[in-house]
Amino acid sequence: MTEIKRLMLLVLLSALLTGCAIRPINPALEKLSDNAGYRWTNRVPLPGNDPDTLLVLVFSGGGTRAAAFSYGVLEELKRTPVGPAGAVRPMLDQVDLVTGVSGGSFTALTFGLYGDRIFESYETDFLKRNVESELIKRLLNPLNWPSTLSTGFGRSELAENYYDEILFHGATFGDLTGKPSPMVIVSATAVSTGTEWSFTQNNFDVICSDLSQMRLARAAAASSAVPVIMSPVTLNNYGGRCGYQPPDWLIAQDNSDSWPKTRLQQRARELARYADGQKRPYIHLVDGGLVDNLALYAFVGDLQELSVSERFREMIHLSTLRRIAVVVVNARSNDDFSYDKREAPPSAFELLMQSSSVPIDRFSAEAIYALEDVVRQWQLERKIQQEQRRLGGVAAATSQLPDIDFSIINVSFDALPDEEERAFLLNLPTSLFLEAPAVDRLRMAAGTVLRASPPFRKLVRDMSGGVEPLALHDEPKAGEKPAP
């Protein structure tokens, strides 16, 4: 028997044994409840978590490069002591929210599931494993062809099963609900609208679906589904069956104008497009980095909603907050100007890659600007309300925005003082495999940048009564492996 015949027989046999694979179906939700599901209002903070501070970690995309860089930030937070004398705890325990996209989604979800147990096995399970090679092997395995060639089950589902096998072990969003841990939000991109889609129950309320039964591995697969290389991840849309209604603040602010006046209105209208599942019964998702490679827009939207919704402010006890700190972990790669040095234009493949990477870098900058705009608007509204209250205006009788100290802490390769090290990290590929030494250098760099950040050191002092506590662990020396 020739090799071709053997291969054809193997494919036929696998088809007979497995049939057409069926993609995982997100279950319908018959009735909505604000007290159920994976949402911010159901979050249970860790013991010792500072109620005065909202600490947000934002993990960008960028394959293993981003996953390792964000992991290095977690390691540094564990090494960083914070709190008043006699009650010092690792800064890691103060994290309230983690957002992640693409490569950063793996670190975010793993941290949300395991907490500081992530330091026990994440390196070997994911960061220093050749994930890319294993995915290619499984894709080329004839036994998997009937599944990947069937309708609805594609390369991303194959990847999802692998991620679940090595990282998540069957865990769902229901396993995160009610657990003392930070809230985790990972994002993908909706193909038809080109908008951000976050895996939170608030979003799944719109499509009348129960997020608690979805595997974490599926969210990671959707968030990192690079177009063409991976297939889109599909959700069933049951919108219109569960009694979903737009939030009160949107109804109050909305009008007949065709163009929304704020980003928040735009975000709400984008979600509202999915409220009728009969017209749009499916949602196809790809890599979230296409529209938000910093995983920032979901949090920016929440800040905007807090500024206009008194009910939302009450639900999360915003009045108790004194400070909001956002640590933006940006593992962007270097710009590629090689095309500008030759007469021949980019090939079709090069053009495909560049048409994705250039908008990603541009959108990343816009996301930072959007966050800064929201902070400035918040502070302006606060001043206006104070003046109205002083003059005895309407605002004196209504719930006001609290006086909050905002800080944005940027952790990026650009902040590294060593030019050679900076160039090395910026030129690492965006893939799901890096050599172990490169992973360790990324981890080391994250700690170096975060420790040296003036806004971060100020945050530590502010949360510690104006002093900087002694280190819980010695800082790693050059050439040493960072220790958790």
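**Close-up views of a predicted model**

**View 1. Arg 443 and Asp 440 form a salt bridge in which the closest N and O atoms are 2.7 Å apart.** The model shown here and in the views that follow is predicted. Arg 443 and Asp 440 both belong to helix 17, and because they are 3 residues apart there, about one helical turn separates them. Where do these two residues sit, buried or exposed? Both Arg 443 and Asp 440 are buried. Side chains of opposite charge can pair when their charged atoms come close.

**View 2. In helix 18, Asp 462 is joined to Lys 458 by a salt bridge.** The closest N and O atoms of this pair lie 2.7 Å apart. Helix 18 covers residues 454–462, and Asp 462 and Lys 458, being 4 residues apart in it, are separated by about one helical turn. Asp 462 is partly exposed, at a relative accessible area of 31%. Lys 458 is also partly exposed, with a value of 38%. Elsewhere, one network of salt bridges with shared partners takes in Glu 75, Glu 123, Lys 128, Asp 440 and Arg 443; the last two are the buried pair of View 1.

**View 3. A salt bridge connects the side chains of Glu 76 and Arg 451.** The N to O distance is 2.8 Å. Glu 76 lies in helix 2 (residues 63–79) and Arg 451 in helix 17 (residues 436–452), so the salt bridge ties together parts that are 375 residues apart in sequence. Glu 76 and Arg 451 are both buried. The count of salt bridges comes to 23.

**View 4. Strand 4 is joined by bridges to strand 1 and to strand 5.** Strand 1 (residues 53–59) runs parallel to strand 4, with 5 bridges between them. Strand 5 (residues 183–190) is likewise parallel to strand 4 and is joined to it by 5 bridges. Leu 97 of strand 4 can serve as a reference point: Val 56 stands opposite Leu 97, and Leu 97 in turn stands opposite Met 183 in strand 5. In a regular strand the side chains alternate between the two faces of the sheet. How many of the 7 residues of strand 4 are buried? The count is 7 of 7 for residues 95–101, so strand 4 is largely enclosed by the rest of the structure.

**View 5. Helix 9 is mostly covered.** This helix spans residues 216–223, and 8 of its 8 residues are buried. They are Leu 216, Ala 217, Arg 218, Ala 219, Ala 220, Ala 221, Ala 222 and Ser 223. Which elements do the buried residues of helix 9 pack against? Three are strand 4, helix 3 (103–114) and helix 7, and strand 5, strand 7 (233–236) and strand 8 (282–287) are also in the list.

**View 6. Glu 160 is a buried residue of helix 7.** Helix 7 runs over residues 155–168. The relative accessible area of Glu 160 is 1%, under the 20% cut-off, so Glu 160 counts as buried. Neighbours within four places in sequence aside, Glu 160 is in contact with Pro 24, Arg 215, Ala 217, Arg 218 and Ala 221. Among these partners, Ala 217, Arg 218 and Ala 221 are buried residues of helix 9.

**View 7. Helix 5 has buried residues on one side and exposed residues on the other.** Val 131, Leu 135 and Arg 138 are the buried residues of helix 5 (residues 131–140). They cover an arc of only 65° around the axis, which means that they lie on the same side of helix 5. Cover for these buried residues includes helix 4 (118–127) and helix 7. On the other side of helix 5, Lys 137 and Leu 140 are exposed.

**View 8. Ile 136, Leu 139 and Leu 140 make a nonpolar surface patch.** The area of the patch is about 270 Å². Leu 140 is part of helix 5. Why is Leu 140 classed as exposed? Its relative accessible area is 58%, and exposed means over 50%.

**View 9. Overview of the protein.** The secondary structure consists of 18 helices and 10 strands. Of the 484 residues, 50% are buried. The exposed area of the protein is about 22,600 Å², with 56% of it supplied by carbon and sulfur atoms. Of the contacts with a separation of 6 or more, 81% are between residues 24 or more positions apart.

Note on methods. Residues numbered from 1 in each chain as written. Predicted model: local features only at pLDDT ≥ 70, side-chain atom pairs only at ≥ 80, totals over all residues. Heavy atoms only, no water. Helix = DSSP H or I, 4+ residues; strand = E, 2+ residues; numbered from the N terminus. Buried < 20%, exposed > 50% of the residue type's maximum accessible area, 1.4 Å probe, protein only. Contact = heavy atoms within 4.5 Å. Pairing = 2+ DSSP bridges. Arc of directions from axis to C-beta. Patch = residues over 30% accessible without salt bridge, like charges linked within 9 Å, V, L, I, M, F, W, Y side chains within 5 Å. Areas by Shrake-Rupley, 256 points an atom, 1.4 Å probe, with all protein chains shown as cover. Salt bridge = Lys/Arg side-chain N within 4 Å of Asp/Glu carboxyl O.
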